[in-house]
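Here are a few exercises to work through with the model open in your viewer. Try each task before you read its solution.

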Amino acid sequence: MPSTLRAVSTVVLSCLLLAGCESAPLDSSSPSGSVSPPAASSGAGGAGRAIAVGAGPQKKYTVQQQPAAGTCHYRYEKREPLEDPACTPGAVSPAVTQANLASTICRKGGYTSGVRPSTYVTAKEKKLNAASYGFTGSMGDAEYDHLISLQLGGDPNDARNLWVEPADPGHRKGSGVNNLKDPVETKLHTAVCSGKVTLAAAQQAIATDWTTALSTLGLS
């Protein structure tokens, strides 16, 4: 009798172990049977972080809340000012896609004037954003800049896509806005509309670092 009980117990234990194994199969491709985490999704540029999608063009824009005063900090690349990626990571407009370039940013007659917020809105946002970045220079020489420009499908009034961009090094005080980021945006726009680079690649490059965007895409 004892030997019979031991035999039955062994069979029952074996079945329980087998059932447990079937309920949690091992991943043979992972060391020690661990389950591999899912692959991270790519962003707008394909290989970088995901870029947020904003609300897009609005019939009536409202003043957007800005980061708290003093919480944003400029970076500098060869003395050129760059945004704080924690405060201004960039945001794209859902109204502009690779499929509709001809009817949006690449259309004849222009696109940006029809989606740009009024100065009534942006002037208030600019003042608040200057406080966010601790900017104390001449407001007339600083641009309230779309990190991903409107001509590259950047969102018109998402706070994540706008920052007070200081003047370039050597800029003559009081001479108004004039910075090196603007021609970079224009060259990227031309490249996108001519099919040299994709919209997503241009957006990703300029959101990452506008000073290296052209060289990153082989356009410099």
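**Exercise 1.** Work out how many bridges join strand S5 to S6, and which residue of S6 partners His146.

*Solution.* Step one: S5 (residues 143-146) and S6 run antiparallel, joined by four bridges. (Strands here are DSSP E runs of at least two residues, helices are H or I runs of at least four, both numbered from the N terminus; two strands pair when DSSP finds at least two bridges between them.) Step two: His146 has Leu162 as its bridge partner in S6.

A word on the source: this is a predicted model, where local features need pLDDT of at least 70 and side-chain atom pairs count only at pLDDT 80 or more, while totals for chains, interfaces and linings use all residues. Residues are numbered from 1 along each chain as its sequence is written, and side-chain values use heavy atoms, leaving out hydrogens and water.

**Exercise 2.** Are the two faces of strand S6 buried or exposed?

*Solution.* Start with the rule: in a regular strand, side chains alternate between the two faces of the sheet. Now sort S6 (residues 162-165): Leu162 and Val164 sit on one side, Trp163 and Glu165 on the other. All four are buried, so both faces are covered (buried is under 20% relative accessible area, exposed over 50%, partly exposed in between, with a 1.4 Å probe and protein chains only).

**Exercise 3.** Place Cys193 and list its contacts beyond its neighbours within four places in sequence.

*Solution.* Cys193 belongs to helix H3. At 33% relative accessible area, Cys193 is partly exposed. Setting those neighbours aside, Cys193 is in contact (heavy atoms within 4.5 Å) with Ile105 and Cys106.
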